[in-house]
There are 2 protein chains.
Amino acid sequence: MPHEVEREALSRYLEDHKLKQTKQREAILDVFLEVTGHISGDELFRRVRERHPHIGFTTVYRTMKIFCEAGLAIERTFEDGLTRYEIPHEHHDHLVCVRCGRIVEFECSMIESAQDRIADEYGFRLLRHRHELYGHCTDCQGR
Amino acid sequence: MPHEVEREALSRYLEDHKLKQTKQREAILDVFLEVTGHISGDELFRRVRERHPHIGFTTVYRTMKIFCEAGLAIERTFEDGLTRYEIPHEHHDHLVCVRCGRIVEFECSMIESAQDRIADEYGFRLLRHRHELYGHCTDCQGR
DNA sequence: ATAGATGCAAATGTTTTGCAGGAAA
DNA sequence: TTTCCTGCAAAACATTTGCATCTAT
């Protein structure tokens with residue numbers, strides 16, 4: 001049984017919130033968990049559709065909102081304004097290639113602590129941040 | 001004559017690009033230059049309209065694109081997805097209060113050089129970045 | 001005279017909502 | 001059998017485009 005842990009996490013969340021266990025939600029979870037990287041709502045919908053032609057895009061969007069609330073997905077928005085989803089793992093920020101769209105993750109504890117100092121300095125209570133570096137990746141520099 | 005320098009910069013840009021000097025472009029420039037901070041297309045349109053009821057929002061959007069190309073404005077997008085414009089000045093990033101919408105600018109050379117190192121490490125040629133800190137500002141922490 | 005600008009209306013593209021029928025508890 | 005879901009169509013939303021008309025050069 002693939003994605004056992006996540007399926008159970010979803011079950012628990014749905015039960016706790018008096019929501020229903022449906023075929024669509026399971027199907028979307030499976031497709032989403034097979035994704036490596038950052039997928040847009042539209043692209044995810046197309047992949048779901050390949051295997052489950054009856055599922056509508058409305059359901060995909062609504063389901064991803066639930067997954068985000070359940071901690072099974074994280075919503076991100078980059079320069080193009082599309083909503084993308086990723087599987088949660090350690091905190092990180094992103095490098096984005098503006099030519100091929102490649103997204104690479106990075107983590108820098110020095111930047112993290114600098115952010116805390118800055119927020120402190122301006123009297124802000126920090127909730128979250130967005131830090132994206134845009135450029136050309138190795139493969140795209142020749143062009 | 002207010003905004004003399006910017007008016008001339010605009011004139012020069014329009015001439016160089018065989019574009020036309022129009023009342024609308026001057027009017028929008030004046031309203032924009034009076035803005036302190038970061039203004040959305042919609043809000044800018046409303047302020048332009050107060051003084052120039054005949055100017056359409058299409059013209060405001062089109063004109064701001066020209067101003068950006070002419071280096072008279074910079075386009076920014078924060079969490080709410082709206083396009084905002086600011087008057088160019090030294091490089092900086094932003095703290096955004098998610099309750100009142102206040103936007104504060106900050107600059108941190110340590111973060112800047114860390115970014116360069118990271119881009120380097122991943123083989124990216126860095127073009128630009130976006131760094132935003134979201135939280136509650138001093139005034140909004142009680143609520 | 002002519003290239004370019006304007007303003008309205010309509011289109012765009014992604015995401016959300018209304019609603020009637022359908023499925024899970 | 002009630003509450004929640006689904007899928008379609010339509011709406012929402014900020015921004016862009018088409019086009020006939022107007023204006024700066």
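The following dialogue examines a predicted model of two protein chains with two DNA strands.

Visitor: How many helices and strands are there in chain A?
Guide: From the N terminus on, the elements of chain A run α-α-β-α-α-β-β-β-β-α-β. The C-alpha trace of chain A spans about 45 × 45 × 25 Å along its principal axes. Chain A holds five helices and six strands.

Visitor: What percentage of the residues of chain A count as buried?
Guide: A residue counts as buried when its relative accessible area is under 20%. Chain A has 143 residues, and the share that counts as buried is 41%.

Visitor: What percentage of the contacts in chain A with a separation of 6 or more come from residues 24 or more positions apart?
Guide: Contact here means heavy atoms within 4.5 Å. Among contacts in chain A with a separation of 6 or more, the share from residues 24 or more positions apart is 49%.

Visitor: Which relation do chain A and chain B have to one another?
Guide: In general, two copies of a chain are related by a rotation about an axis and a shift along it. Here a rotation of 180° with 0.0 Å of shift along its axis superposes chain A on chain B, with an RMSD of 0.1 Å. Therefore the relation is that of a two-fold axis.

Visitor: Which residue of chain A comes closest to the rotation axis?
Guide: The rotation in question is the one that superposes chain A on chain B. The same surface serves both copies, as 100% of the contact residues of chain A recur in chain B. At 2.1 Å, taken at the C-alpha, the residue of chain A closest to the axis is His131(A).

Visitor: How many residues has the largest nonpolar core?
Guide: In soluble globular proteins, nonpolar side chains tend to be buried together. In this model, the residues with the most contacts inside the largest nonpolar core include Leu95(A), Ile118(A), Leu95(B) and Ile118(B). Elements giving two or more residues to this core are β4, β5 and α5 of chain A together with β4, β5 and α5 of chain B. The number of residues in the core is 26.

Visitor: Which residues of chain A does Phe124(B) touch?
Guide: Phe124(B) is one of the residues with the most contacts inside the largest nonpolar core. Leaving aside residues up to four places away in sequence, Phe124(B) touches Ala119(B) in chain B. From chain A, the residues touched are Leu95(A), Val96(A), Cys97(A), Val104(A), Gly135(A), His136(A), Cys137(A) and Gln141(A).

Visitor: Which element gives the largest share of the surface near DNA strand C?
Guide: DNA strand C is surrounded by 23 residues, with Tyr61(A), Thr83(A), Lys20(B), Thr59(B) and Arg62(B) the closest. Of the atoms of DNA strand C within 4 Å of the protein, sugar and phosphate account for 63%. The surface residues divide into five nonpolar, nine polar and nine charged. Five residues, the largest share, come from α4(A).

Visitor: Which part of DNA strand C lies 3.2 Å from an N or O atom in the side chain of Lys20(A)?
Guide: A phosphate oxygen of DNA strand C lies 2.4 Å from a side-chain N or O atom of Thr59(B). A polar side-chain atom of Arg25(B) is 2.7 Å from a phosphate oxygen of this strand. For Lys20(A), the part of the strand at 3.2 Å is a base nitrogen.

Visitor: Which residue has a polar backbone atom 3.3 Å from a phosphate oxygen of DNA strand D?
Guide: Side chains also take part: a polar side-chain atom of Lys23(B) lies 3.3 Å from a phosphate oxygen of DNA strand D. A side-chain N or O atom of Lys65(B) is likewise 3.3 Å from a phosphate oxygen of this strand. The residue with the polar backbone atom at 3.3 Å is Gly56(A).

Visitor: Is Lys18(B) buried or exposed?
Guide: Lys18(B) lies in the loop between α1 and α2 of chain B. Phi of Lys18(B) is near 55°, a positive value in a residue other than glycine. Since a relative accessible area over 50% counts as exposed, Lys18(B), at 77%, is exposed.

Notes
Residues numbered from 1 in each chain as written. Chains lettered and ligands numbered in written order. Predicted model: local features only at pLDDT ≥ 70, side-chain atom pairs only at ≥ 80, totals over all residues. Heavy atoms only, no water. Near = heavy atom within 4 Å. Polar contact = N/O pair within 3.5 Å; in protein donor to acceptor, adjacent residues only side chain to side chain. Helix = DSSP H or I, 4+ residues; strand = E, 2+ residues; numbered from the N terminus. Nonpolar A, V, L, I, M, F, W, Y, C, P; charged D, E, K, R; others polar. Core = buried A, V, L, I, M, F, W, Y, C linked by side-chain atoms within 4.5 Å. Buried < 20%, exposed > 50% of the residue type's maximum accessible area, 1.4 Å probe, protein only. Least-squares fit on C-alpha atoms with pLDDT ≥ 70 in both.
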